[in-house]
Each structure stands twice: as structure tokens, then as C-alpha cells.
Amino acid sequence: MRITSCGMTDVGVKRTNNEDNYLINDELNLFVVCDGMGGHAGGEFASAIAVNTVEEVLTSIEIRPNAEDFEMDESAGPVEVVREKLRYSIRLAGQRIYRRAQEDSDYQGMGTTCLALMVDNGNAFMAHVGDSRGYLIRDGRIEQLTEDHSLVNERVRAGLLTEEEAKNHKLKNIITRSLGFMEDVEIDLSVRAVRRGDMFLLCSDGLSNLVEAEEMSDSALEFGPQGSARRMIETACERGGDDNITVIVVRIDESP
């Protein structure tokens, strides 16, 4: 399988520090975006713990299948094994953030979103907690693969708000799930077969709040991973850049 990818992050226009972190690991075909939150540099620390833990754990399991106390039923198929490896790594990241916050009062209340994509044996595994978003661009159309874990999105799903009202709602930044807030957290995870030409886009809400999905798709299709990542960040900054902005664009150039 041949994959082309590009990731970029920017502090934005109004923030003084960047609490986002991202990861691209070409050996594992692993891509992660984390958007941290918490005072006293807590958000930056939490998102760093998350990306480092996910990479460390998945690398360890790849080398030593029983590393980090990871256990799987021997009857599990290859898809289920990858699903559980990804789920386990993110759960452990959340536990590490939670425990560090309990140990150090400076970091109390810190947390982070976590969005991870892993491409393995012709399948794309996407796991997420929070409101960082994952999209698939296929056959010229873009589809959001993740569901925001946010208070506003819950109200949209309940029919209390429209999609248009949600865009500028004063509570739009309140998330209902994050790594670190509790010792354990529910992780959404999906799997789908990849095709040649598929493009996956992972981003923090600093991008998705200011750039429409169709604009992201147009940019990715026109400029490819590297050019579109830069273009999307520039567009978000031009529109106010009120948050940190992170994006990873992944293109499947050749599938099994």
C-alpha cells in the first residue's frame, strides 16, 4: 500500500500558545490529532501525552504482542485485533493524563480530544473522543466519519438546535467526552475498506469551525495533501483564526 500524507499545525491568530498536537507515523500508517484543554499549559501537556502514548503503545505491541499488558482472544480476527489495539492505546493515554492531573495540582482539569486513523491491510480504522473531526473524501464527495462529542451536537441530535444555529452557539466549545476528564472513557471506533484515491482528513475544531467541509474537499482534491493542508490553515487564519488549527490529509495512492 502506498500512502501520501501531510500534517500541519498553527497557533492561529488570537492564541499565544498551541495546545494542539499531531502525529504521523509512516511505518505504522498511523495519524493522530489531539486538541488539548486546561490552564497552566495543561492542554499542551495533555495532547502531547496522548499522541506520544498512542504511538508508543502501538509500536510496542507491534514489536511485542503482549506488551503493555495488552491481551486479545486468540480467536479474534485481524480486523478485531487492530480495533482493540487502537482502542487500548487511546484508553491508556486517557488514564495517564487523568493520573498525572491527580498527582499535580497545576494540571488539574487538563484533557484533550483524540482522533486517530490507522490504515492496515486495506482497512481504515478511525477512533475518536471529543470534537476533533475525521472526514473521508471519495468520488469527489466528502463525508464526516466522526460524531462530535459536544453539548451543542447533543442538542442538534435531540432536535433542540438546527445545524445552522449550532455553528455560532455560545456553548459550541463545550465537549462531553475527552481524555483525562475521567480515568476511563468511551471511544468511538469505525472500520471501512479503503480504495485507491481515497483521502482522509483529520482536523481540530480550529479548522472545522471556520472552514466548511466542502471547502476542505475542494482544496484537498485540487492541491493534494501538502498544498491543501497549508491552504486550509491559511483560510482559517484569514477568517479570524480564533483557535489553534491542526490538519492532517492522507491520500491512498495505491491500495492492496
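Me: Which helix gives the most to the lining of the largest pocket?
Reply: Happy to look at that in this predicted model, where local features need pLDDT of at least 70, side-chain atom pairs count only at pLDDT 80 or more, and totals for chains, interfaces and linings use all residues. Residues are numbered from 1 along each chain as its sequence is written, and side-chain values use heavy atoms, with hydrogens and water left out. A pocket is an open set of points on a 1 Å grid over the protein atoms alone, where a 1.4 Å probe fits, with protein on both sides within 12 Å along at least five of seven lines; lining residues have an atom within 4 Å of a point. With helices taken as DSSP runs of H or I of at least four residues and strands as E runs of at least two, numbered from the N terminus, the top contributor, with four residues, is H3.

Me: What is the volume of the largest pocket?
Reply: Grid points are joined across faces, edges and corners, and the volume is the space filled by probe spheres set on the points. For the largest pocket, this comes to about 670 Å³.

Me: How many charged residues are in the lining of the largest pocket?
Reply: Asp, Glu, Lys and Arg count as charged; Ala, Val, Leu, Ile, Met, Phe, Trp, Tyr, Cys and Pro as nonpolar; and the others, Gly among them, as polar. Besides seven nonpolar and seven polar residues, the number of charged ones is 11.

Me: Which strand gives the most to the lining of the second largest pocket?
Reply: The second largest pocket fills about 270 Å³. Its lining holds eight charged, five polar and three nonpolar residues. Three residues of that lining come from the top contributor, strand E3.

Me: Why is Cys34 not bonded to Cys114?
Reply: A disulfide requires a pair of cysteine sulfur atoms within 2.5 Å, and the whole structure has zero of them. Cys114 holds the closest cysteine sulfur to that of Cys34, but they are too far apart for a bond because the distance is 3.8 Å.

Me: Is Cys34 buried or exposed?
Reply: Buried means under 20% relative accessible area, exposed over 50%, and partly exposed in between, with a 1.4 Å probe and protein chains only. Because its relative accessibility is 0%, Cys34 is buried.

Me: Which residue in E11 is the bridge partner of Ile3?
Reply: Two strands pair if DSSP finds at least two bridges between them. Strand E1 (residues 2-10) and E11 do so over nine bridges, in the antiparallel sense. Opposite Ile3 in E11 is the bridge partner Ile252.
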